[in-house]
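Subject: Structure for you to look at

Hello,

Here is the structure I said I would pass on. Please open it alongside this message, and my notes follow below.

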Amino acid sequence: MNDLAGKHFVLGLSGGIACYKAAELCRALIKEGATVQVVMTEAAEQFITPVTMQALSGRPVYGSQWDSREPNNMPHINLSREADAILVAPCSADFMAKLLHGRADELLSLMCLARPIDKVPLLLAPAMNREMWANPATQRNMMQIAADGAHILGVGSGFQACGETGDGRMLEPPELLEDIIAFFQPKRLAGKRVLVTAGPTFEAIDPVRGITNLSSGKMGFAIARAAREAGAEVTLVAGPVSLSTPRGVTRIDVKSAEDMLRATEPQAQSADVFVATAAVADWRPASASDHKIKKDGSGQTPQLAFTENPDILARVAQSQRAKSGALYCVGFAAESHDLVANAQAKRVRKAVPLLVGNIGPATFGADDNALLLVDEKGTREVPRASKLELARQLVAEIADRL
Ligand code: CTP
């Protein structure tokens, strides 16, 4: 995907060991379709060379406000006017203190001060030692800078270059990239709480085996990400999948359909939107054995009896909150044939306002898909695209209906 196609960034580096991560961030922005103009402070040049950043960005790096390459000798004006955003990564404690005071004694801070504040957002990726980060001066500066209109991307936690462990590391480039992409998405679900179920369930036969299905969870994870990008507070109830949690999403891991129901129902009490993408097993073994079922040498196979699992979507859609209209429920249908007729029937059967149909077996595990939206007015096809792109379109469709 080229989520940043057409976007032009000024990537500012202030002094800190995290400058080494800025090289990877620069590549990541470009891979995502952006163009990048790097600006470095003198301190940043102690950590990484402008040669590296020029090679990666494909543009000469600026480091001085007296740069005579600009015909009018005003790089702080020219470079900030052509940017869609100024991203300072790493943003040192000292640089934050400068921003707080509106200091402008070198090119990067001068450019931040000179930027058209309503048109060019300022995104900051702080990076510093944990004591520096926790210091009341830094925390106070950060709150004031945010109040002045900067967008703080947060910090990571863990082992630091200084040998200490705690908060204040710069976020990793993939995390920053996800947050930067999210920053530019329209905030259609701001203030809303979205609950998503995703992945397969695993129904135990005994401690070492069970019944599951081929759902990868990708669509549900993409919807959770898209909802968070749209400004929602998102909880993702996930069956056993090997996917990383989208940034800023609260994840609850579950195994069986019953676990999923137990995790989902309380969350649904305060949600505004519920999207059920999970491929919940329809049946579970009637009683799971406490011990591994062993072959006894007789050639006899074990006899399995099954019990029907609760229908999580139908249960939530029958709740008071959904019936009163406070909770908007969206179901999914993975069909192998007759998509339109099956999806329409399923929407009515599950009593949900919106049902999303797709041809199941082919999409399991794939990165793209095509969807069919079914509501009371009829059907609409959403053509094949990446699951994240489809998720964004679905989020927009949900926002339209709220
Ligand atoms: N679903 C659920 N709990 C279940 C079964 C399904 O929440 N026990 C949800 C799924 O997450 C999905 C929708 O219901 O949003 C449709 O699931 P599907 O398995 O296709 O529906 P079924 O009722 O099992 O229909 P069919 O037997 O035709 O496949």
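In which sense do strand β6 and strand β7 pair, and over how many bridges? Please note before the reply that this is a predicted model. The two strands, β6 at residues 156–159 and β7 at residues 165–169, run antiparallel and are joined by four bridges. To find one of these on screen, start from Gly-156, whose bridge partner in β7 is Arg-169. Together β6 and β7 make a hairpin, and five residues lie between them. In that turn, Gly-163 has a positive phi of about 100 degrees.

As background, the strands of a sheet pair through backbone hydrogen bonds, and the pairing is either parallel or antiparallel.

The parallel kind is found here too. Five strands form an open sheet in the order β2-β1-β3-β4-β5, and their pairing is parallel. At the edges are β2 (35–40) and β5 (151–152), each of which pairs on one side only. The neighbour of β5 is β4, residues 122–126, and two bridges hold this parallel pair. One position to check is Leu-123, which has His-151 of β5 as its bridge partner.

Two backbone details are worth a look. Strand β3 covers residues 85–91 and contains Pro-90. The peptide bond that leads from Ala-89 into Pro-90 is cis, with omega near 5 degrees. The other detail is Asn-73, in the loop between α2 (50–57) and α3 (75–81). Its phi is near 55 degrees, which is a positive value in a residue that is not glycine.

Now the ligand. Where does the ligand sit? It occupies the largest pocket. Three elements each give two or more residues to the shell around the ligand: α11 (312–317), β16 (328–335) and α13 (339–350). Of the elements, α13 gives the most, with three residues.

The ligand has 14 residues around it, and those that come nearest are Ala-276, Ala-278, Leu-313, Phe-332 and Lys-346. Sorted by class, the shell holds seven nonpolar, two polar and five charged residues.

Three polar contacts to the ligand can be picked out:

- Lys-350 has a polar side-chain atom 2.8 Å from an oxygen atom of the ligand.
- Ile-312 has a polar backbone atom 3.0 Å from a nitrogen atom of the ligand.
- Asp-311 has an N or O atom in its side chain at 3.5 Å from a nitrogen atom of the ligand.

On its own, the ligand has 580 Å² of accessible area, and the protein covers 78% of that.

That is the end of my notes.

Regards

Technical notes: Residues numbered from 1 in each chain as written. Predicted model: local features only at pLDDT ≥ 70, side-chain atom pairs only at ≥ 80, totals over all residues. Heavy atoms only, no water. Near = heavy atom within 4 Å. Polar contact = N/O pair within 3.5 Å; in protein donor to acceptor, adjacent residues only side chain to side chain. Areas by Shrake-Rupley, 256 points an atom, 1.4 Å probe, with all protein chains shown as cover. 1 Å grid on protein atoms, 1.4 Å probe; cavity = no way out; pocket = protein on both sides within 12 Å on 5 of 7 lines; lining within 4 Å. Sits in = over half its atoms within 2 Å of the grid points. Nonpolar A, V, L, I, M, F, W, Y, C, P; charged D, E, K, R; others polar. Pairing = 2+ DSSP bridges.
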